[in-house]
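Biologist: Mind going through this one with me? I'd like to hear about side-chain pairs, burial and confidence.

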Amino acid sequence: KMAGGNSNYWEDLRKQARQLENELDLKLVSFSKLCTSYSSSRDGRRGDSSDTTPLLSNSTQDRMFETMSVEIEQLLAKLTGVNDKMAEYTSTPGVTSLNAALMHTLQRHRDILQDYTHEFHKTKSNFMAIREREDLLGSVRKDIETYKSGSGVNNRRTELFLKEHEHLRNSDRLIDDTISIAMATKENMTSQRGLLKSIQSRVNTLANRFPAINNLIQRINLRKRRDSLILGGVIGICTVLLLLYAFH
């Protein structure tokens, strides 16, 4: 009975170990797929491709990662406890005759536990590295977008300042052209006035030097006045006659 009871205990431990190992195998496969889909979703988001749009958001995947990590750690802890119980059983004095076979089985379960533990930590480390890298890249992209948006505002302001500066330069150029034209006109009028004064001075000089020319000029002026008076008289008489004719 003692041997039978011990044998049943050992078989129960082995069943528990195999059940936990099967659950861990399924969990680790799902855990690995989650990490792969997380990386793919990040790559798809960077590429902005509709074909690679993630089915789950990154926040949902993060929560699933945390939940699955806790579940796997709990399963590993349970499997470790079962292995410890199996190790204690192999030290029982009543099973020394089967100790070699039991130790071989125990070692196989320990190797499986070690492989699952190593795979879990490796996958978890890869996931954490991907998340940290993507968070860093996301922060860098955000800084770049912020810089671009700020640069866009600065560029628009700079463009407005340049346009305003160009308007001011055009206004200054127009004012300079206007002043130049005014100065040239003033100089031309001054030159013409000087020329007229010079001509008048020469005429006066000639008139003073040659009295005959002066007398001729005076006669011409007198004749002009006389002709003007005669013409004015004729026009006046004609006007009066026309008025008399019109009223009669």
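Biologist: Let's start with K27. Which residue does the side chain of K27 meet in a salt bridge?

Modeller: A salt bridge here is a side-chain nitrogen of Lys or Arg within 4 Å of a carboxyl oxygen of Asp or Glu. For K27 the N to O distance is 2.5 Å. The partner is E71.

Biologist: How many residues apart are E71 and K27, and which helices hold them?

Modeller: Helices are DSSP runs of H or I with at least four residues, numbered from the N terminus. E71 sits in helix 2 (residues 58-90) and K27 in helix 1 (residues 2-47), so the pair links distant parts of the chain. The separation is 44 residues, between helix 2 and helix 1.

Biologist: Before we go on, what are the ground rules for this model?

Modeller: It's a predicted model, with residues numbered from 1 along each chain as its sequence is written, and side-chain values use heavy atoms, leaving out hydrogens and water. Local features need pLDDT of at least 70 and side-chain atom pairs count only at pLDDT 80 or more, while totals for chains, interfaces and linings use all residues.

Biologist: Is E71 buried or partly exposed?

Modeller: Buried means under 20% relative accessible area, exposed over 50%, and partly exposed in between, with a 1.4 Å probe and protein chains only. E71 has a relative accessible area of 28%, and K27 likewise comes out at 28%. That makes E71 partly exposed.

Biologist: Now R131. What is the N to O distance in its salt bridge with D62?

Modeller: The side chains of R131 and D62 meet in a salt bridge, and both residues are buried. The distance between N and O is 3.5 Å.

Biologist: Which other residue forms a salt bridge with R131, with the closest N and O atoms 3.7 Å apart?

Modeller: This partner lies in helix 2 and R131 in helix 3, 65 residues apart. It is partly exposed, with a relative accessible area of 40%, whereas R131 counts as buried at 15%. The residue is E66.

Biologist: Which residues are linked in a network of salt bridges?

Modeller: R131 has a salt bridge with D62 and another with E66. So far we've covered part of the total, which comes to five salt bridges. The linked residues are D62, E66 and R131.

Biologist: Let's move to S69. Which residues is it in contact with, leaving aside neighbours within four places in sequence?

Modeller: Contact means heavy atoms within 4.5 Å. S69 is found in helix 2 and counts as buried because its relative accessibility is 4%. Its contacts are F31, F120 and K124.

Biologist: How many disulfides does the structure hold?

Modeller: A disulfide needs a pair of cysteine sulfur atoms within 2.5 Å. As for cysteines, C35 is buried at 7% relative accessible area, while C238 is partly exposed at 40%. The number of disulfides is zero.

Biologist: On to the rings: why is the pair Y9 and Y89 called tilted?

Modeller: Rings of Phe, Tyr and Trp (its six-membered ring) pair if their centres lie within 6.5 Å; planes under 30 degrees apart count as stacked, over 60 as edge-to-face and the rest as tilted. The structure holds five aromatic pairs. In this one the centres are 5.9 Å apart, and the pair is tilted because its planes are at 50°.

Biologist: How many residues apart are Y9 and Y89, and is Y89 buried or partly exposed?

Modeller: Y9 is in helix 1 and Y89 in helix 2, 80 residues apart. Y9 counts as partly exposed at 39% relative accessibility. Y89, at 7%, counts as buried.

Biologist: What about F65 and F127: is that aromatic pair stacked or tilted?

Modeller: F65 in helix 2 and F127 in helix 3 are 62 residues apart. F65 counts as buried at 1% relative accessibility, and F127 does too, at 0%. With 3.8 Å centre to centre and 15° between the planes, the pair is stacked.

Biologist: Which residues form one aromatic cluster?

Modeller: F31 and F120 came up as contacts of S69, and F65 and F127 as a stacked pair. The cluster is F31, F65, F120 and F127.

Biologist: Last one: in which helix is confidence highest?

Modeller: pLDDT is the predictor's confidence in each residue, from 0 to 100. The protein chain has a mean of 79, and 81% of its residues reach 70 or more. Confidence is lowest in helix 1, at a mean of 78, and highest, at 89, in helix 2.

Biologist: Over which residues is the pLDDT below 50?

Modeller: Beyond near neighbours in sequence, this stretch has three contacts in the model. The stretch is residues 47-55.

How values were computed:
Helix = DSSP H or I, 4+ residues; strand = E, 2+ residues; numbered from the N terminus.
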